[in-house]
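Ready for some practice at reading a protein model? Grab a pencil, look at what is shown below, and work through the exercises at your own pace.

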Amino acid sequence: MISGWWGSVNWHPMELWGARLYGNPCRDCGFDWSLTPREALGQVEDLPARYGALVKGRRGDERHPDLAWNVAAYVSHVTDNLRNWAERLAGARLAGTRQVPGYDQDLLAQARFYNDVSLAGALWSLRWAADAWVTSVSAALEEGVALEHADRGVQRAEDVARNNAHDAAHHAWDIERILAHAARTRGMHGSEVVRRSNAPHLPDPSGD
Ligand SMILES: [Zn+2]
């Protein structure tokens with residue numbers, strides 16, 4: 001028994017993340033968390049091509065009734081998530097700034113009006129973000145960088161690599177669901193019915 005630990009005023013429950021939050025494999029998208037950091041890097045490297053193929057010929061404003069974000073919004077979220085974590089690992093590696101807070105992905109979505117972003121623009125941004133992420137995360141892995149996350153505790157570069165690769169895979173699955181729904185509603189009504197929903201897209205409040 002660690003005396004005083006539970007009574008500490010600074011103690012608060014750690015936020016679940018990774019396989020403990022989503023299951024292994026992820027109960028939704030099937031992501032296998034046992035992949036190596038190198039494989040996670042490869043997945044993010046391939047992201048722009050994967051997402052480009054996934055949304056080819058689409059408008060970007062397709063919606064699913066259970067999800068608050070449209071197709072282009074998910075692309076923008078994945079981009080911002082990669083940029084955010086790449087920047088944090090760069091800060092720790094270049095200047096030793098290891099303490100990082102969570103971030104509010106829904107506030108960011110609101111501030112950037114994700115649902116109004118052009119799909120072509122979102123894909124353009126994703127390409128640069130994935131490229132910069134691979135550079136930052138490769139260097140962080142090489143130097144054994146670890147962050148201290150306010151809600152999750154220690155986040156090693158390899159944890160970030162897996163988390164971010166999962167985020168991208170998970171939202172590819174969301175986009176597939178949206179597009180399948182759009183195809184179904186087109187089939188039922190002759191033309192696509194767009195419904196709005198304010199349902200949250202993920203249970204995780206502090207950024208993927
Ligand atoms: Zn998943």
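**Exercise 1. Work out why Pro37 gets the label it has, buried, exposed or partly exposed.**

Step 1: count neighbours. Pro37 has 19 other C-beta atoms within 10 Å.

Step 2: apply the cut-offs. A residue is buried if 20 or more other C-beta atoms lie within 10 Å of its own, exposed if 12 or fewer, and partly exposed in between, with C-beta atoms placed from the backbone. So Pro37 is partly exposed.

Step 3: place Pro37 in the chain. Pro37 sits in helix 2, residues 37-45. Helices (H or I, at least four residues) and strands (E, at least two) are DSSP runs, numbered from the N terminus.

Step 4: look for partners. Contact means that two C-beta atoms, placed from the backbone, lie within 7 Å. Setting aside residues up to four places away in sequence, Pro37 touches Leu141, Glu158 and Ala161. As for Ser138, it is 101 residues from Pro37 in sequence, yet their C-alpha atoms are 9.1 Å apart in space.

A quick note before you go on: this is a predicted model, where local features need pLDDT of at least 70 and side-chain atom pairs count only at pLDDT 80 or more, while totals for chains, interfaces and linings use all residues. Residues are numbered from 1 along each chain as its sequence is written.

**Exercise 2. List the elements of the chain in order.**

Step 1: count them. You should get 7 helices and 3 strands.

Step 2: walk from the N terminus. The run is α-α-α-α-β-α-α-β-β-α.

**Exercise 3. Work out the strand order and pairing of the sheet.**

Step 1: pair the strands, which takes at least two DSSP bridges between them. Strand 1 (residues 99-100) runs parallel to strand 2 over 2 bridges, and Val100 has His149 as its bridge partner in strand 2. Strand 2 and strand 3 (residues 153-156) are antiparallel over 4 bridges. Here Glu148 has Val154 as its bridge partner, and His149 stands opposite Gly153.

Step 2: find the link. Strand 2 reaches strand 3 by a hairpin of 3 residues.

Step 3: put it together. The sheet is open, its order is 1-2-3 and its pairing is mixed. Strands 1 and 3 are the edges, each pairing on one side only.

Step 4: check the faces of strand 2 (residues 146-149). Leu147 and His149 are on the covered face, with Ala146 and Glu148 on the uncovered one. In a regular strand, side chains alternate between the two faces of the sheet.

**Exercise 4. Check the span of helix 4 and see what follows this helix.**

Step 1: get the expected span, which is 1.5 Å times one less than the number of residues. Helix 4 (residues 71-95) has 25 residues, for which 36 Å is expected.

Step 2: compare. From first C-alpha to last, helix 4 reaches 36 Å, close to that expectation.

Step 3: step past the end. Gly96 comes just after helix 4, with a positive phi of about 75°.

**Exercise 5. Find which helix gives the most to the largest nonpolar core.**

Step 1: define the core. It is a set of buried Ala, Val, Leu, Ile, Met, Phe, Trp, Tyr and Cys residues joined through C-beta atoms within 7 Å.

Step 2: look at the members. There are 44 residues, and those touching the most other members include Val44, Leu82 and Leu126.

Step 3: sort by helix. Helices 2, 3, 4, 6 and 7 each supply at least two residues, and helix 4 gives the most, with 11.
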